[in-house]
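This report goes through a single protein model, from its nonpolar cores to its charged and polar side chains. The sequence and the structure come first.

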Amino acid sequence: VKLSVSDERATVDSEEIEIRVVATNKAPEFKVVLESESSPEDTTYSKEIIVSDNEGGDTLRVSIEPSWISYTQSEEGNLKTIKIEVTPTNDKVGVHRVTISIDDSVAEIVKSSYELTITNENDKPEIEELEDPIAREVTEDKRYEGALKVRDIDSGDQITEVSVVPNWLSATLNEDGDRLIITGTRTSGVVGIDKSYDVMVTAKDIEKEVGQYSYPLVVKGVND
């Protein structure tokens, strides 16, 4: 740049100076406004978030809290798309603060947050084996007794009804409501002949959601 000055006598003086325009790094920018959302448990929740960085060549690093939020990334020019895709389980029911952090390693880290509410969906009762598997064989005319673990993972829900087939067996809950006791006595029907049964155990919760578990049971015949 050349600067010139003159006085009344038309004396002219000039000087050249150099001006350098130095680029300054700008922080990454979120291209969308993050607002509160909700999604039911056991259903895939997905969301796309776009961020930009006008500084070509910067590498954007992404992190998201809470850590159970899974995501993928893709880039096109100066735009980065973050795709959240996660299936929350029952233990995630409630309100969560989701925070996305963007770091270009030069400017300060940029963050944006929103509230994600995971709503409860009634889950069916769960019936499963204990550490010691339930007996699958009994001698005719002898009392059969076995136990299974039962629970309802929904907060405030409980098991209200249990049943079992075949009908010569009966099912009851223990006092703590976490064990399903199966009892019964049966003859083989034919002397010396074994008889096989498909046992089906059923548990229902307050909303009549049904959980089931099946296993084989052999009644060993004896010669009387």
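## Nonpolar cores

The largest nonpolar core contains 22 residues, and those with the most contacts inside it are Leu-180, Ile-182, Val-201 and Tyr-215. A nonpolar core is here a set of buried Ala, Val, Leu, Ile, Met, Phe, Trp, Tyr and Cys residues joined through side-chain atoms within 4.5 Å. Two or more residues of this core come from each of strand E13 (143-151), strand E14 (159-165), strand E15 (169-173), strand E16 (179-185), E17 and strand E18 (210-220). Another core, of 19 residues, lies apart from it and includes Ile-82, Ile-84, Ile-102 and Val-110.

Ile-182 is in contact (heavy atoms within 4.5 Å) with Ile-134, Tyr-144, Glu-145, Gly-146, Val-164, Leu-169, Ser-170, Ala-171, Val-201 and Tyr-215, leaving aside its neighbours within four places in sequence.

## Model and overall make-up

The model is predicted: local features need pLDDT of at least 70, side-chain atom pairs count only at pLDDT 80 or more, and totals for chains, interfaces and linings use all residues. Residues are numbered from 1 along each chain as its sequence is written, and side-chain values use heavy atoms, with hydrogens and water left out.

The average pLDDT (the predictor's confidence in each residue, from 0 to 100) is 87 for the protein, and 85% of the residues score at least 70. Among the elements, strand E4 (residues 37-40) has the highest mean pLDDT, 96, and strand E1 (residues 2-6) the lowest, 65.

The protein has 18 strands and 0 helices. Both kinds of element are DSSP runs numbered from the N terminus, with helices (H or I) of at least four residues and strands (E) of at least two. Of the 224 residues, 33% are buried; buried means under 20% relative accessible area, exposed over 50%, and partly exposed in between, with a 1.4 Å probe and protein chains only. Among contacts between residues at least 6 apart in sequence, 62% join residues at least 24 apart.

## Salt bridges

A search of the whole structure gives 12 salt bridges. The criterion is a side-chain nitrogen of Lys or Arg within 4 Å of a carboxyl oxygen of Asp or Glu. Among them are the following pairs.

| Pair | Closest N to O distance |
|---|---|
| Lys-149 and Glu-128 | 3.6 Å |
| Asp-178 and Arg-179 | 3.7 Å |
| Lys-83 and Glu-85 | 3.9 Å |

Lys-149 lies in strand E13 and Glu-128 in strand E11 (residues 126-128), so this pair ties together parts that are 21 residues apart in sequence. Lys-149 is partly exposed at 30% relative accessible area, and Glu-128 is partly exposed at 33%.

The partners in the other two pairs are described likewise. Lys-83 is partly exposed, with a relative accessible area of 35%, and Glu-85 is partly exposed with 42%. Asp-178 has a relative accessible area of 29% and is partly exposed; Arg-179 is partly exposed at 27%.

## Asp-205

Which side chain of opposite charge is nearest to the buried Asp-205? That side chain is Lys-208, 7.9 Å away, and Asp-205 has no salt bridge. For charge, Lys and Arg count as positive and Asp and Glu as negative, while His and the chain ends are not counted.

Asp-205 belongs to strand E17 (residues 195-205). Its side chain makes a polar contact of 3.0 Å with the side chain of Asn-122. A polar contact is a pair of N or O atoms within 3.5 Å; within protein, one must be able to donate a hydrogen and the other to accept it, and residues adjacent in sequence count only if both atoms are side-chain atoms. A polar atom of the Asp-205 side chain also lies 2.8 Å from the backbone nitrogen of Glu-209. Not counting residues up to four places away in sequence, Asp-205 touches Asn-122, Asp-123, Pro-125, Asp-152, Asp-157, Gln-158, Ile-159 and Thr-160.

## Asn-174 and Glu-76

Asn-174 sits in the loop between E15 and E16 and is partly exposed, at 24% relative accessibility. Its side chain makes a polar contact of 2.9 Å with the side chain of Asp-178, and a polar atom of the Asn-174 side chain lies 2.9 Å from the backbone nitrogen of Gly-177. Asn-174 and Ala-147 are 27 residues apart in sequence, with their C-alpha atoms 9.7 Å apart.

Glu-76 is in strand E7 (residues 71-76) and is exposed, with a relative accessible area of 68%. The C-alpha atoms of Glu-76 and Ser-52 are 9.8 Å apart, and the two residues are 24 residues apart along the chain.
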